[in-house]
Amino acid sequence: MAQGNDDFEELFEKLNSIEKREREELEQQLPPGRREPSPPPRRAREEEPEQPALRYAKRKRVGRRGHVFTALLYALIVVGVSVILSVIAIAGISDYFGIYKTEREVTLELRADTPADQVADLLEAQGIIKLPFLFNFYLGQKELSPIYQAGTYVLNANMSYSEILSSMSVQSRDFSVVTVTFPEGLNAVQIANLLEKNNVCSADDFIKEIQTGTYNYDFLPAETLDNGRYYRLEGYLFPDTYEFYEGENVSSVVKKFLDNFDRRVETQHYTRMEELGWTVDDVVKLASIVEKESSGSAQMPVVSSVFHNRLNNPDTFPTLDSDVTIFYVNDYIKPNFTTPNQELYDSYNTYRCHGLPVGPITNPGIQAIEAVLYPESTGYYFFVTDDEGNYYYAATSAEHDANVAKAEAVGGAHGTSDLAEDEIGE
């Protein structure tokens, strides 16, 4: 920095010297009468007052430094803007042509009420494009006004803009909507068969998806799904009437069931679960049994009370003794094994396992769920039904035995603790 100051001082001295010579030469050219008197001789450098010269030099130095700083700032701004524009240009080229993008199959679902100007945002959310404004600009420049049909599109994250539009155009021609109703109490296998019957997807693909698919919902923590149950999403495929597309992507099909469960089980239900000290999975397990054991919503709170009373008295009633859990094992689990898996069978069989089974046995509706959350207050520990749909409740084993005789007289007897030992399962 000291060297820089010396250089500036030397420069200013040279400028002063040049200015003095020019003034002297100009005076020599003037007539004698017009010449200005010569200035008094200057004192030696060491005798000259320093302050005025220093002030003058400082003003000059500050001014020049200011110009240098302004120039540097301007240069930095130009370089910065150039870098930013270069990055945007590179990103735009990559997004436009689909280069430097990872290959990954992505499902994009458009509903009937999805605005066209939001499609670019949905594509960005799914990781298919990165610059929605550029995608919309591309459509404008090409004077394209695509009509997006509602449906499920299978795209790839490495597609170019033209490939995205072309693929969506081709797929939209093949959409055919079907409406399918799933009654309360169907299990995963029955749902899969109904989907295949309506050309939505194959039953095998659906079962594979509920066994291996990954879905992020608060009500489906990993410890719930990986606790040894046979059908992982059993109980959460919410019964309702749905619209699907023929040949719809199977993960989209499963997601519709789970989204509906998420909507229908609301805050007040979760609050009640906390009051009872029950998990979502506990509620769904018992609701699946109540759904199958009840002939209608009117019986559900009373049937639920029987199981609640047993669960609250585990020393006297360690098992729930529900017939429908055995039917589920025999009809929908055992056929899938060539070598018996007795541990798995017993984990569902409520004549063998203590308390709730390892997983739900059906997909219950909201009325069964609410019956579990708000059971009737009763003293019953048994119930039995006859073939005409009559229910007989009892508080003691003796009362229950009498009710079983009544039910058999009408025809059939099903309920709690009414199976012979050889019917319970091995």
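Which residues does Ser 167 touch, not counting residues up to four places away in sequence? They are Val 154, Leu 155 and Met 159. Ser 167 itself lies in helix H5, which spans residues 161-172. With a relative accessibility of 16%, Ser 167 counts as buried because the cut-off for that class is under 20%.

**Overall picture**

The model is predicted. Its mean pLDDT is 83, and 77% of the residues reach 70 or more. Over residues 418-423 pLDDT stays under 50, and the model has 13 contacts beyond four places in sequence for this stretch. Where pLDDT is low, the predicted coordinates should not be read in detail.

The protein has 426 residues, of which 41% are buried. Its secondary structure comes to 17 helices and seven strands. Among the contacts with a separation of 6 or more, 67% are between residues 24 or more positions apart.

**Nonpolar cores**

The largest nonpolar core has 66 residues. Leu 195, Phe 206, Phe 244 and Phe 257 have the most contacts inside this core. Helix H11, residues 280-293, gives the largest share of the core, with seven residues.

Phe 244 can be followed one step further through the residues it touches, leaving out those up to four places away in sequence. Leu 195 and Phe 257 are among them, and so are the valines Val 177, Val 178, Val 180, Val 200 and Val 253. The list also includes Ser 176, Phe 182 and Lys 256.

A second core, separate from the one above, has 22 residues. Leu 123, Leu 139, Tyr 148 and Ile 164 are included in this second core.

**Aromatic rings and charges**

How many aromatic pairs does a search of the whole structure find? The search finds 29. In one pair, Tyr 230 and Tyr 231, the ring centres are 4.6 Å apart and the planes stand at 80°, so the pair is edge-to-face. Planes over 60 degrees apart are needed for that class. Tyr 231 counts as buried, at 5% relative accessibility.

One aromatic cluster is formed by Tyr 96, Phe 97, Phe 135, Tyr 138 and Tyr 161.

Two basic residues lie over ring faces, as set out here.

| Basic residue | Ring | Distance from the ring centre |
|---|---|---|
| Arg 310 | Phe 382 | 5.1 Å |
| Lys 334 | Tyr 345 | 5.2 Å |

**Cysteines**

A search of the whole structure finds zero disulfides. A disulfide is a covalent bond between the sulfur atoms of two cysteines. Cys 201 counts as buried at 11% relative accessibility, and Cys 353 is buried with a relative accessible area of 12%.

**Backbone at two loop residues**

Most residues other than glycine have a negative phi, and most peptide bonds are trans. Asn 199, although not a glycine, has a positive phi of about 60°. Asn 199 sits in the loop between helix H6 (188-197) and helix H7 (203-212), and it is partly exposed, with a relative accessible area of 47%.

Asp 321 is not a glycine either, and its phi is positive at about 55°. The loop that holds Asp 321 runs between helix H12 (300-311) and helix H13 (323-333). Is Asp 321 buried or exposed? With a relative accessible area of 11%, Asp 321 is buried.

**Two further sites**

Ser 94 is placed in helix H2, residues 50-97. At 12% relative accessibility, Ser 94 counts as buried. Not counting residues up to four places away in sequence, Ser 94 touches Ile 99, Tyr 100 and Lys 101. Ser 94 and Ile 129 are 35 residues apart along the chain, and their C-alpha atoms are separated by 9.6 Å.

Gln 118 lies in a loop, between strand S1 (105-110) and helix H3 (119-125). Its relative accessible area of 40% makes Gln 118 partly exposed. From Gln 118 to Pro 132 the C-alpha to C-alpha distance is 9.2 Å, with their positions 14 residues apart in sequence counted as the separation.

Methods: Residues are numbered from 1 along each chain as its sequence is written. This is a predicted model: local features need pLDDT of at least 70, side-chain atom pairs count only at pLDDT 80 or more; totals for chains, interfaces and linings use all residues. Side-chain values use heavy atoms; hydrogens and water are left out. Rings of Phe, Tyr and Trp (its six-membered ring) pair if their centres lie within 6.5 Å; planes under 30 degrees apart count as stacked, over 60 as edge-to-face and the rest as tilted. Buried means under 20% relative accessible area, exposed over 50%, partly exposed in between (1.4 Å probe, protein chains only). A charge sits over a ring if NZ of Lys or CZ of Arg is within 6 Å of the ring centre and within 35 degrees of the ring normal. A nonpolar core is a set of buried Ala, Val, Leu, Ile, Met, Phe, Trp, Tyr and Cys residues joined through side-chain atoms within 4.5 Å. Helices (H or I, at least four residues) and strands (E, at least two) are DSSP runs, numbered from the N terminus. Contact means heavy atoms within 4.5 Å. A disulfide is a pair of cysteine sulfur atoms within 2.5 Å. pLDDT is the predictor's confidence in each residue, from 0 to 100.
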